Structures are given as structure tokens and as C-alpha cells.
Amino acid sequence: MKAVILYDSKTSGGSTEAIIDTIGLKLAESGAYVEKVKCKALADYSFIKEFDLIILGAPVYYFLVASQLLGALNYGNLKINLKRKKIAMFLTCGSSEAMAAVLYLPQLKIHLITNKILVEKIFPSNVLHENSIIDEFVIDVLQAYNNTSSQKALSAKWTDESREWLQTIPSFLQSKFKIMAEEYAENMGYKEITLEMLQLARDEMGGT
Ligand SMILES: Cc1cc2nc3c(=O)[nH]c(=O)nc-3n(C[C@H](O)[C@H](O)[C@H](O)COP(=O)(O)O)c2cc1C
């Protein structure tokens, strides 16, 4: 599994970077290939297509998630490149978890409503040095990642009939429709892609 930690922080070697290094080490110990990349709002994020898991991490300054990460989501091409990606996210902040869940996490999540967010975590200042809490986060992320991967394998079973039907639509649309149908099956918990399920998916997506 290839993971990238996309982050922002104004503090070089600060608490966010310290957490990222611990997360990276733990992921690498589990066999993952890990990179960390500091966000610039207008950078080109097309490289993240090569990664299976994206971890977004940033501190909060003056009630806002650090600006380069927010900027990349708001103005850059990060959001479009995160489409269909498995994402985990964390924030570091001085506020309590409850407050941060209401005020700060939505600043990221509003951009990611169509994504599968595996785990979201707030690290308030008083737990920043507790490695066990960071370890738990990584374990949760790996577990959620593995669960969704195995579910996807199950949901990807097409019946013969539905496979035949797929062949009847224009070839340039087939791979796009196949991905959409498999995502629908995964999200809705279908183990098999049947003609009935395809009809439901088309109805719900406003298809013809
Ligand atoms: C200038 C400044 C502003 C901050 N504003 C907030 C804030 O509005 N809400 C909050 O919960 N924490 C706030 N914090 C706390 C930081 O989010 C927290 O210390 C974080 O771990 C800093 O990460 P860093 O070491 O990577 O910079 C602020 C910290 C600084 C230095």
C-alpha cells in the first residue's frame, strides 16, 4: 500500500510534523510505502493518483485549519485529485476534541463529501506527546483501509447478466460506468452487481 501524508504547518519541526513522523514510521513498520508532502495551495496534486491512501493533517491557527491545506482544497486541484480516494485526516489544536469536531474538522470535510473518510482524529495539545494515541490512530487507519479493500473485492462481483448488459452500452462509457457501479455497490453494501442493482444505481444517479 502506498500512502502519502499531505500536511501544512507554519512551525518547522513543530507538533504537526512530529505527529506525522510518528505516523509515517508506524505505517512503514506495517509494510506501507510512505511519503510526506507539505502543501502549497496552488501546487499540482495530480501525483496523488498514484497513492492508495491519503492522510491529510494540519494544525489550527486562529480558528482556521492551516491555510495552505485549506487553500489547496479551495483553490487548487487537490480536491479533484482526491476524488474516489481513501482518506484519513487529523488536526492538531489547542481546543478540546469536542470543540474541534464542530468547528475545525468540517472545514476539511465539506470538501470531501463524496469521499470515503476512513478515520478522522483530533490531537489536542495535551495528548500530542502520547505516542500510544498516535499509534491507535494508525491502527484504526490500517484496519479501516483493509476493511474497505476487502469489501471492495466482494462488491466487485458482476453477475453474467449484468456483465453482458455492460457490453451493450457504448464502449467509451463502459469503464466509467463500471467504476460507478462498483462504487455504488461498495457504498450500499451489495455483494453482487445484478441488473436490479444497476437499475437502482441509475435511478438514484439520475441516469437514463
Ligand atoms: C498563532 C497560533 C494560533 C492558534 N490558534 C488556535 C485556534 O484558533 N484554535 C485552536 O484550537 N488552537 C490554536 N492554536 C494551537 C495550535 O493549533 C496547536 O498548538 C498546534 O499543535 C500547533 O501545530 P504546529 O506545532 O505544527 O504549529 C494556535 C497556535 C498558534 C501558535
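The exercises below work through a predicted model of a protein chain with a ligand. Residues are numbered from 1 along each chain as its sequence is written. In this predicted model, local features need pLDDT of at least 70, side-chain atom pairs count only at pLDDT 80 or more, and totals for chains, interfaces and linings use all residues.

**Exercise 1. The overall fold**

Task: State how many helices and strands the protein chain has, and how it is divided into domains.

Solution:
- Start with the elements. The protein chain has nine helices and eight strands. Both are DSSP runs numbered from the N terminus: helices are H or I with at least four residues, strands are E with at least two.
- Next, the domains. Domain 1 covers 2-151 and domain 2 covers 156-204. Such bounds come from an automatic or database domain assignment.
- Then the spacing. The C-alpha centres of domain 1 and domain 2 are 32 Å apart.
- Add the extent. Along the principal axes, the C-alpha atoms fill a box of roughly 55 × 35 × 30 Å.
- Finish with burial. Of the 208 residues, 31% count as buried. A residue is buried if 20 or more other C-beta atoms lie within 10 Å of its own, exposed if 12 or fewer, and partly exposed in between, with C-beta atoms placed from the backbone.

**Exercise 2. A strand pair and its crossover**

Task: Find the sense in which β1 and β2 pair, and the hand of the connection.

Solution:
- Locate the strands. β1 spans residues 2-7 and β2 spans residues 33-38.
- Read the pairing. The two strands run parallel over six bridges. Strands pair if DSSP finds at least two bridges between them.
- Pick one bridge. Ala 3 has Val 34 in β2 as its bridge partner.
- Follow the chain. From β1 it passes through α1 to β2, a right-handed β-α-β crossover. Right-handed means that, with the strands pointing away from the viewer, the path from the first strand over the helix to the second runs clockwise.

**Exercise 3. The shell around the ligand**

Task: Describe the residues around the ligand and the elements that supply them.

Solution:
- Take the nearest residues. Among the 16 around the ligand, Gly 14, Thr 16, Pro 59, Cys 93 and Ser 95 come nearest. A residue is near a molecule if its C-beta atom, placed from the backbone, lies within 6 Å of it.
- Assign elements. α1 (15-29), β3 (53-61) and β5 (86-93) each give two or more residues to the shell. β3 gives the most, with three.
- Sort by chemistry. The shell holds six nonpolar, nine polar and one charged residue. Ala, Val, Leu, Ile, Met, Phe, Trp, Tyr, Cys and Pro count as nonpolar, Asp, Glu, Lys and Arg as charged, and the others, Gly among them, as polar.

**Exercise 4. Buried or exposed?**

Task: Classify Ala 88, Tyr 62 and Phe 63 as buried or exposed.

Solution:
- Begin with Ala 88 in strand β5. Ala 88 is buried because it has 25 C-beta neighbours inside 10 Å.
- List its contacts. Leaving out residues up to four places away in sequence, Ala 88 touches Leu 53, Ile 55, Leu 118, Val 119 and Val 141. Contact means C-beta atoms, placed from the backbone, within 7 Å.
- Move to the loop between β3 and β4 (64-65), where Tyr 62 is found. Tyr 62 is exposed because it has 5 C-beta neighbours inside 10 Å.
- Phe 63 is found in the loop between β3 and β4. Phe 63 is exposed because it has 10 C-beta neighbours inside 10 Å.
- Check the backbone. Phi is positive at Tyr 62, about 50 degrees, and at Phe 63, near 70 degrees.

Technical notes. Contact = placed C-beta atoms within 7 Å.
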